[in-house]
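Colleague: Before I plan anything around this model, please give me one careful, connected reading of its backbone, with a close look at the loops, and then set that reading against the rest of the structure.

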Amino acid sequence: MTLPARARVGIWLGLILVCALVVARSQYSADLAAFLPSSPTPMQRFLVDELREGVVSRLMLIGIEGDDQKNLAALSRALTMRLEKSDRFAYVTNGAQDSLRADGEFLLRNRYLLSPSVTVERFTAAGIRDALEQQVDLLSSPTSMLTGNLLPRDPTGEMLQLLDRLQGQDKGPARHDGIWFSADGARALLIAQTRAAGFDIDAQEQALAQIRAAFGDSVTEVQARSPRLVVTGPGVFAVESRSGIKRDAMRFSILGTLLVSAILLFVYRSVRVLALTLVPVASGALAGIAAVSVVFGSVHGVTLGFGATLIGEAVDYAIYLFTNTAPGSTPQKTLQRIWPTLRLGMLTSAFGFGAMLFSGFPGLSQLGLFSIAGLAVAVAVTRWVLPELVPPGYHVRTAAGLGPSLMRLLARAHHLRKPLLLLVIAAVAVLAARGSEVWDDELSSLSPVPLPVQQIDRQMRADVGAPDVGPLIVVSDDSEQGVLEIAEQVGLTLAKLQTQGVLAGFDSPAFYLPSVGTQRARQQAIPDSAELARNLAAAARELPFRSGTFAPFLEEAQTVKRRAPLTAQDLAGTGLGLKLQALLAQRKGRWFAMMPLRDVSDVKALEAGLSKHDRSHVVLLDMKRELDALYHGYRLRALGFAVLGVLAIAVLLMAMLRSVRRCADVLVPLAAAVLVTTVILLATGTRLNIFHLVALLLVVGVGSNYTLFFERGGPGGADPQRIVTSVLFCNLATVIGFGVLGFASTPVLSAIGTTVAIGALLSMVFAAILTPPLPGPLTGYSELR
Amino acid sequence: MRAFAAAIFLTLFTAVPAWAEEPAVQWGVDSLMQQLSAIKHSQARFVERKYLKVLKEPLELSGTLTYDRPGYLQKRTLKPKPETLTVADDKLTLENPGRKQRRVLKLQDYPAVWGFVDSIRATLGGDIKALERFYRVELEGQPANWRLFLVPRERTMKEVISLVRIDGHHARIDTVEVQEARGDRSVMKIQEEVP
């Protein structure tokens with residue numbers, strides 16, 4: 001590196017400019033699925049896609065509360081009307097009959113294609129007679145006025161069958177004034193389905209804004225007093241957690257920067273040097289975001305939040321440089337001394353995070369790339385740019401004053417070795433006793449949504465009768481028709497199991513869209529015009545029906561017999577279409593049908609019954625169990641990569657230090673710090689998730705700098721007092737920067753903040769305790785240069 | 001001219017007895033309702049004829065009616081096939097032992113059924129508020145021979161029922177006639193059982 005100073009500063013400025021341009025144009029996402037593996041089994045990929053873009057991800061549940069029922073119902077109507085006009089929503093309903101009328105008309109028009117009882121026998125003279133006799137019974141029933149008006153069109157009662165089957169699926173919410181309400185009647189309920197997928201947060205945000213605006217207009221129109229709007233759903237959560245993470249990351253990194261700056265200002269007594277300290281940090285953060293943006297196409301919100309914490313490590317580089325510059329010396333000379341240690345510290349962290357880069361989880365890979373690019377740029381700026389910018393003759397005065405007392409403390413620190421050993425043994429014992437309980441293996445533990453909001457969502461889901469995520473059968477095939485045909489076969493099996501009491505019921509996309517084969521078979525089951533008329537006449541001979549009553553039936557049956565089979569488009573705009581979309585989906589060229597099961601009482605019998613279907617097409621899934629298992633596997637793999645990272649660090653240190661003893665001096669305090677930090681987290685009632693794991697890796701990265709500087713008193717020829725002081729300042733900056741983050745309300749940020757703050761503090765203390773006492777200034781580091 | 005005279009005559013003929021019999025008391029819907037609401041329990045037999053457009057001859061059903069103030073009504077059909085309709089507060093149960101069927105509905109979910117059920121239940125209970133929720137109520141006649149016209153207010157009900165006519169004397173109901181929107185009609189004659 002013999003470039004002149006001007007050229008170096010110029011290159012740096014150019015790099016910053018390019019990075020800033022890239023960052024300004026970056027896309028940001030807050031998609032939880034980024035933290036799920038990118039190359040799992042087809043079934044897992046289907047689940048993840050379902051979470052990202054399936055109908056479930058597009059559903060918004062809207063509640064209106066805080067007024068009397070009359071006003072709430074009026075608001076619900078007004079809001080529905082406004083949202084129906086919007087092209088952001090594919091479907092909006094508040095349960096009013098009007099919105100279900102389209103469903104009824106669809107069923108009626110296509111009853112002979114949809115009803116499972118349409119068979120050849122159904123339309124023989126005997127079959128029709130059976131049906132007609134039942135109709136006479138129905139006519140004498142007290143509620144005949146509701147069912148009877150279809151009789152001339154539907155003498156075999158197909159419509160009633162279809163309605164019965166639908167009603168078996170879900171009871172639906174309570175109603176007041178014809179509109180959906182919560183069970184306690186205090187909240188009017190609506191369901192809206194966005195056109196945009198759940199992971200398209202910008203579109204979800206706009207849809208949410210439109211709901212709020214439409215609600216505001218409705219309140220004015222109805223002149224309600226002070227009603228409240230509650231909107232939940234995956235898209236809403238994504239929008240809110242993104243803005244929450246942004247807000248938290250912004251607020252707490254500003255707060256952290258201010259606090260760290262205050263300390264540094266006290267130490268440096270120079271605003272200019274303080275500003276210079278932030279130069280490597282800012283350069284590193286910009287480079288990190290730019291690198292992620294270029295490689296991955298978008299930057300995850302968590303990466304960003306995590307990136308804000310880069311302050312913790314990158315700020316250290318400048319602190320080491322400034323604090324170690326003795327009076328009369330220059331930063332250039334200091335760098336010549338501490339550069340090998342600085343470089344090794346940076347490489348250690350980079351190796352740690354490097355493992356994450358290859359983890360195969362987009363979220364973790366982003367973190368890895370961000371850290372490596374950020375740290376490399378930060379250390380390079382410290383090495384080649386920063387010295388040129390320091391005012392000539394500058395040195396840190398405070399450092400000299402603190403030095404002697406720190407050295408006295410350090411000299412006595414080794415007395416604490418035994419207590420520390422006991423502490424570590426206790427920590428290991430606690431971890432061993434807890435075993436796998438240490439981990440929170442529920443996917444929801446990653447959810448950035450605060451608990452009270454999750455509870456409201458659950459409540460509204462229960463009120464609407466939205467199906468719980470429970471056991472379901474997933475059928476897959478290459479084509480839509482194929483998947484529908486298999487679903488129909490599975491449906492026959494399930495219907496049989498249902499009569500045996502194995503399950504209470506099930507839903508199937510083939511209920512709403514039978515396969516073309518089935519539709520054709522039903523069409524063929526209808527006899528031609530003359531034969532049907534003959535059969536009908538024979539059937540009605542001894543029954544009291546007026547002649548000519550069933551003329552509409554004869555005509556409609558022939559119309560249906562000739563029409564083209566139904567397609568998914570025919571269901572557009574109906575509630576049944578919404579159901580079909582939820583149950584039938586195409587993902588990456590493959591078709592999937594979902595068949596949710598209700599109240600399975602005998603899983604073994606169910607599995608036995610299903611065993612005759614091809615396992616490669618028909619899978620019984622417990623959605624929640626499957627997702628948690630997915631996360632569990634993911635966490636295990638992440639743990640594996642963290643361990644790999646630690647191994648990589650050990651190999652790196654061995655290669656550079658060429659001594660097991662010295663390696664141990666660097667690594668043992670860190671291992672102790674990680675163990676004790678984990679136990680402290682557990683003691684506060686926390687169960688560890690993936691974010692804690694990443695934070696612990698960061699502890700190793702940051703802490704390795706301390707132990708490297710401590711080890712043998714630091715780089716050759718340095719003043720040990722200045723080394724110790726610089727480590728203390730670095731540590732203070734890290735603990736404050738991350739400690740502040742610990743108070744963030746976004747679970748991710750607070751987990752990382754708390755863990756790193758505790759871990760970094762312990763790393764320094766343990767390094768001080770475990771590193772052999774310093775005999776005085778040493779000169780043993782020359783081999784590193 | 002003769003028609004005009006006949007009209008006047010008719011008006012007089014029907015109007016006179018009302019004030020001739022009880023000229024002092026202002027008899028109307030409210031007093032009828034008050035009278036009806038005094039009855040806590042009643043038990044009756046019924047014979048119902050359903051005149052349906054699709055059938056050549058009317059269906060004839062018979063059975064018993066039970067009412068308990070304020071919210072319980074049971075219509076037990078015995079012939080031609082047993083079937084029981086029970087309404088308790090806002091829950092309606094239909095039982096058909098022949099088909100082994102039992103259905104429970106919430107009246108709120110089926111406004112038309114609710115309106116139909118309450119045309120009888122609210123009349124028996126003398127609950128004018130419940131009646132007026134679904135119907136415009138008009139009364140004709142005198143205490144010993146009155147006729148109540150119930151005309152549905154809301155569209156959902158109008159699509160099913162166009163008019164309910166209830167005939168009675170004093171606090172007794174004699175006939176309930178339901179005219180359905182699509183032209184069918186049922187007439188239920190009620191014979192009170194005196195305990």
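Modeller: Helices and strands are here DSSP runs, with at least four residues (H or I) for a helix and at least two (E) for a strand, numbered from the N terminus. Please keep in mind throughout that this is a predicted model.

I begin with the loops of chain B, where P70(B) has its place between strand 2 (59-68) and strand 3 (72-79). The peptide bond that leads from R69(B) into P70(B) is cis, with omega near -5°. A second cis bond joins K79(B) to P80(B), and here omega is near 0°; P80(B) lies in the loop that runs between strand 3 and strand 4 (83-88) of chain B. Most peptide bonds are trans, and most residues other than glycine have a negative phi.

The phi angle deserves attention at D89(B), where it is near 55°, a positive value in a residue other than glycine. D89(B) is found in the loop between strand 4 and strand 5 (91-96) of chain B. Is D89(B) buried or exposed? D89(B) counts as exposed because it has 9 other C-beta atoms within 10 Å, and the cut-off for that class is 12 or fewer.

Chain A offers a counterpart in R269(A), whose phi is near 55° and is likewise positive in a residue other than glycine. R269(A) lies in the loop between helix 11 (234-268) and helix 12 (271-296) of chain A. With 13 other C-beta atoms within 10 Å, R269(A) is partly exposed.

Turning from the loops to the body of chain A, its secondary structure comes to 32 helices and 13 strands. Of the 785 residues in chain A, 48% are buried, and among its contacts with a separation of 6 or more, 83% are made by residues 24 or more positions apart.

Helix 4 of chain A, residues 69-85, shows how one such element is placed. Helix 4 has 17 residues and reaches 25 Å from its first C-alpha to its last, close to the 24 Å expected at 1.5 Å a residue. The buried residues of helix 4 include L72(A), L75(A), L79(A) and L83(A). An α-helix has 3.6 residues a turn, so residues three or four places apart point the same way. The list of buried residues in helix 4 also holds A73(A), A74(A), S76(A), R77(A), A78(A) and T80(A). The partners against which the buried residues of helix 4 pack include strand 2 (59-65), strand 3 (89-93), strand 6 (187-194) and helix 10 (201-222) of chain A.

A376(A), in helix 16 (residues 362-384) of chain A, is partly exposed because it has 18 C-beta neighbours inside 10 Å. Leaving aside neighbours within four places in sequence, A376(A) is in contact with M346(A) and A350(A); the C-alpha atoms of A376(A) and A350(A) are separated by 8.0 Å, although the two are 26 residues apart along the chain.

Finally, the two chains meet in a contact that takes 23 residues from chain B and 19 residues from chain A. On the side of chain B that touches chain A, the elements giving two or more residues are strand 2, strand 4 and helix 3 (111-125) of chain B, and helix 3 gives the most, with 4 residues. By class, that side of chain B has 13 nonpolar, 2 polar and 8 charged residues.

Technical notes:
Residues numbered from 1 in each chain as written. Chains lettered and ligands numbered in written order. Predicted model: local features only at pLDDT ≥ 70, side-chain atom pairs only at ≥ 80, totals over all residues. Expected span 1.5 Å × (residues − 1). Buried ≥ 20, exposed ≤ 12 C-beta atoms within 10 Å, placed from the backbone. Contact = placed C-beta atoms within 7 Å. Nonpolar A, V, L, I, M, F, W, Y, C, P; charged D, E, K, R; others polar.
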